[in-house]
Amino acid sequence: MSEVFASDLFILAIEDDPIYAEALELVLQELGYVNYKVVDNAALALKIFKEQQPDIILTDIEINGPIDGIELASIISSIRKTPTVFITAFTDSHTFQKAKG
């Protein structure tokens, strides 16, 4: 079995807050990831998803535009099963259950 290195993975992150988006980029860089894209809305995320086929999705729940991160994850899953990690400040059980699907 071959090893997978951080530099081999393509990460698509969706975060609409510029400060958090920049912090997320810094964390990815510090962890050794070089192949990633951070966008702020579902429409652009879907475009990149279809064109570049990321290995993992990191998404905020509240993002710019009419589609939130939970809906985006559902759409992505219907296109191609891709590991998705939700990044959010929400801690209420309703949001957690909605994200669980």
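A residue is called buried under 20% relative accessible area, exposed over 50%, and partly exposed in between, with a 1.4 Å probe and protein chains only. By that scale Gly-65 is exposed, with a relative accessible area of 54%. The structure is a predicted model, in which local features need pLDDT of at least 70 and side-chain atom pairs count only at pLDDT 80 or more, while totals for chains, interfaces and linings use all residues. Residues are numbered from 1 along each chain as its sequence is written, and side-chain values use heavy atoms, with hydrogens and water left out.

The overall layout comes first. The chain holds four helices and four strands, where helices (H or I, at least four residues) and strands (E, at least two) are DSSP runs numbered from the N terminus. Along the sequence these elements follow the pattern β-α-β-α-β-α-β-α. Of the 101 residues in the chain, 33% are buried. The accessible surface comes to about 6,400 Å², and carbon and sulfur atoms account for 56% of that surface; these areas come from the Shrake-Rupley method with a 1.4 Å probe, and for residues only the protein chains shown count as cover. Contacts (heavy atoms within 4.5 Å) also reach along the chain: among those between residues at least 6 apart in sequence, 74% join residues at least 24 apart.

Strand S1 makes a good starting point for a closer look. Both of its faces are covered, with Ile-11 and Ala-13 buried on one side and Leu-12 and Ile-14 buried on the other. S1 runs parallel to strand S2 (residues 36-39), and four bridges join the two; strands are taken to pair if DSSP finds at least two bridges between them. One of these links is made by Ile-14, whose bridge partner in S2 is Val-39. In the segment before S1 lies Leu-9, which is partly exposed at a relative accessible area of 23%. The C-alpha atoms of Leu-9 and Val-34 are 8.4 Å apart, although 25 residues separate them along the chain.

The loop between S1 (11-14) and helix H1 (18-30) contains Glu-15. This glutamate is buried yet has no salt bridge, and the nearest side chain of opposite charge, Lys-37, is 16 Å away. For this purpose Lys and Arg count as positive and Asp and Glu as negative, with His and the chain ends not counted. A polar atom of the Glu-15 side chain does lie 2.9 Å from the backbone nitrogen of Asp-17. Not counting residues up to four places away in sequence, Glu-15 touches Tyr-20, Ala-21, Val-39, Asp-40 and Asp-60. Asp-40 also has a distant partner in sequence: its C-alpha atom is 8.7 Å from that of Gly-65, 25 residues away along the chain. Gly-65 itself sits in the loop between S3 and H3.

Charge pairing is found elsewhere. Side chains of opposite charge can pair when their charged atoms come close. A search of the whole structure finds one salt bridge, defined as a side-chain nitrogen of Lys or Arg within 4 Å of a carboxyl oxygen of Asp or Glu. The partners are Lys-47 and Glu-51, with their closest N and O atoms 2.9 Å apart. Both residues belong to helix H2 (residues 42-52), where they are four residues apart, about one turn of the helix. Lys-47 counts as partly exposed because its relative accessibility is 45%, whereas Glu-51 is exposed at 52%.

Just beyond this helix, the loop between H2 and strand S3 (56-60) holds Gln-53. Its phi is near 45°, a positive value in a residue other than glycine. Most residues other than glycine have a negative phi.

Phe-49 links the next two sites. Ile-79, in helix H3 (residues 69-79), touches Leu-46, Phe-49 and Lys-50, not counting residues up to four places away in sequence. Its C-alpha atom is 9.5 Å from that of Phe-49, with the two positions 30 residues apart in chain numbering. Ile-79 counts as partly exposed because its relative accessibility is 42%. Thr-82, in the loop between H3 and strand S4 (84-87), counts as buried because its relative accessibility is 12%. The Thr-82 side chain reaches the backbone oxygen of Arg-80 at 3.0 Å. Leaving aside neighbours within four places in sequence, Thr-82 is in contact with Phe-49, Pro-54, Asp-55, Ile-56, Ile-57 and Ile-76.

Conventions
Polar contact = N/O pair within 3.5 Å; in protein donor to acceptor, adjacent residues only side chain to side chain.
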